[in-house]
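Here is a friendly set of notes to read with the structure open beside you. Take the points in order, and find each residue on screen as you go.

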Amino acid sequence: MKRNKTGIAIMLLVIPVLVYSLFFIYPIGYTVYLSFMKWNGMAVAKKTFIGLQNYKTLFSQAVFWHSLKNAVVFMAVSLVVIFPVSFLLALLVSRRTKINSFLRTVYYIPTLLPMAATGMMWMFMLAYNGGAVNEILGFFGIAPHDFLGDTKGAIWVVALVNAWMYIGSNMLIFVTGITNVPSDMIEAAVVDGAGPVQRIIHIIIPNMKETFKVFLTSAIAGSVKVFDIIYVMTDGGPGTATDVPATLMYDQAFLSSRFGYASSIGVFIIFLSLFITFTLNFFLDEQEDKGKRKKLQRGACNGAV
């Protein structure tokens, strides 16, 4: 019986490891390998080892640094738009009522739409000629604007469309965090005379640190990897105005046939995402530990007194 259980346990462990290695470890390892090569992507073409040349070229190109700035725009919109709006909506619909259930569904619908369909829909709505947004602006006497053709503003427009898509899903994450706050703490605060704002600041927010950590990690790391909404709406244009690292990688690989160089961009995206994730988690955990130590010190002082 023990041998059978051990064999089953090993089998159940080996299968996930093999699947994980095949679809995650191997592609990353092969991408790192290609990043040191000069290769045009053809199976019959020879791969030439060039060392760190792809990385030197990458970090010396202005278009790459511009793509990173655009990724920062997505981070900023995530923190300034998605976070407060999602949290506010979560507070409004967190109570279990029929109308709130309906509103949660309505707010979540944009997340259910296919990315390609959403991008095309907003592209037509924001069109310079005949777009719904410009038609509405014209009704109020405002001149039409080429939202997606503006080299300075197009990236902000796409980032806001991306925010519109993900507000609903993050709202549900925050709703889960709010409902997990111990009800006895909220009831005690109500008995003590705390108003809604005081309950949010002193009870709900401190008990949602893990939820906020999940949001920050996914939002910031996701901003580095964003691709689909930009590819559908602007394809990195006008020119390279809305390029981000992922679209730059795609262009270099499939349009310029520079798979070695594109792989170096992919490796950068992977390690930057991992660095942001681990750094953010370490910082947030460190702040939480400091808070706990301060509470223990205050408790010890109060006990001594």
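1. Before anything else, please keep in mind that this is a predicted model. Every value below was computed from it, so treat the notes as a guided reading of a prediction.

2. Let us begin with the open spaces. The largest pocket holds about 630 Å³ of space. It is lined by 23 residues, and those closest to its centre are I28, T31, M249, G266 and I270. Try colouring these five on your screen to find the middle of the pocket.

3. Which elements give two or more residues to that lining? They are α1 (2-34), α10 (209-225), α12 (245-255) and α13 (259-304). Among these, α13 gives the most, with 10 residues. As for chemistry, the lining of the largest pocket divides into 17 nonpolar residues, five polar ones and one charged.

4. The second largest pocket has about 460 Å³ of space. Here 15 residues form the lining, and S94, R95, I178, I186 and I204 are the closest to the centre. Two or more residues come from each of α7 (154-179), α8 (183-191) and α9 (196-204). The lining of the second largest pocket is made of eight nonpolar, three polar and four charged residues. Compare that with the largest pocket, where one lining residue is charged.

5. Now for the nonpolar interior. The largest nonpolar core has 38 residues, and F74, L126, M208, I229, I230 and M233 have the most contacts inside it. Two or more residues come from each of α3 (62-93), α5 (115-125), α7, α9, α10 and α11 (228-233). The element that gives the most to this core is α7, with 12 residues. You have met α7 already, as one of the elements lining the second largest pocket.

6. L126 is a good residue to zoom in on. Leaving out residues up to four places away in sequence, L126 touches V133, N134, F147, L148, V157, V161 and M233. M233 is, like L126, one of the residues with the most contacts inside the core. A separate core of 14 residues lies apart from the largest one, and its members include F64, L68, Y261 and I276.

7. Next, look at two serines in helix α13: S263 and S264. Is S263 buried or exposed? S263 counts as buried because its relative accessibility is 8%, and buried means under 20%. S264 is buried too, with a relative accessible area of 0%.

8. What do these serines touch, once neighbours within four places in sequence are set aside? S263 is in contact with T31, L34 and S35, and T31 is among the residues closest to the centre of the largest pocket. S264 touches S35, N54, Y55 and L58. S35 therefore appears in the contacts of S263 and of S264, each buried at under 20% relative accessible area.

9. Two further details help to place these serines. The side chain of S264 reaches the backbone oxygen of Y261 at 2.4 Å. Y261 is also a member of the 14-residue core. Meanwhile, S263 and Y55 are 208 residues apart in sequence, but their C-alpha atoms are 9.7 Å apart in space. This is a nice case for tracing the chain by eye.

10. The loop between α11 and α12 deserves a look at its backbone. P238 sits in this loop, and the peptide bond from G237 to P238 is cis, with omega near -5 degrees. D235 is in the loop between α11 and α12 as well. D235 has a positive phi of about 55 degrees although it is not a glycine. With a relative accessible area of 43%, D235 is partly exposed.

11. Finally, follow the chain through α12 and a little beyond. The buried residues of α12 are P245, A246, T247, L248, D251, Q252 and A253. Just after α12 comes S257, with a positive phi of about 55 degrees. S257 lies in the loop between α12 and α13. Why does S257 count as partly exposed? S257 has a relative accessible area of 36%, and partly exposed covers the range between the 20% and 50% cut-offs.

Conventions:
Residues are numbered from 1 along each chain as its sequence is written. This is a predicted model: local features need pLDDT of at least 70, side-chain atom pairs count only at pLDDT 80 or more; totals for chains, interfaces and linings use all residues. Side-chain values use heavy atoms; hydrogens and water are left out. On a 1 Å grid over the protein atoms alone, a cavity is a set of points where a 1.4 Å probe fits but cannot get out, and a pocket is an open set with protein on both sides within 12 Å along at least five of seven lines; lining residues have an atom within 4 Å of a point. Grid points are joined across faces, edges and corners, and a volume is the space filled by probe spheres set on the points. Helices (H or I, at least four residues) and strands (E, at least two) are DSSP runs, numbered from the N terminus. Ala, Val, Leu, Ile, Met, Phe, Trp, Tyr, Cys and Pro count as nonpolar, Asp, Glu, Lys and Arg as charged, and the others, Gly among them, as polar. A nonpolar core is a set of buried Ala, Val, Leu, Ile, Met, Phe, Trp, Tyr and Cys residues joined through side-chain atoms within 4.5 Å. Buried means under 20% relative accessible area, exposed over 50%, partly exposed in between (1.4 Å probe, protein chains only). Contact means heavy atoms within 4.5 Å. A polar contact is a pair of N or O atoms within 3.5 Å; within protein, one must be able to donate a hydrogen and the other to accept it, and residues adjacent in sequence count only if both atoms are side-chain atoms.
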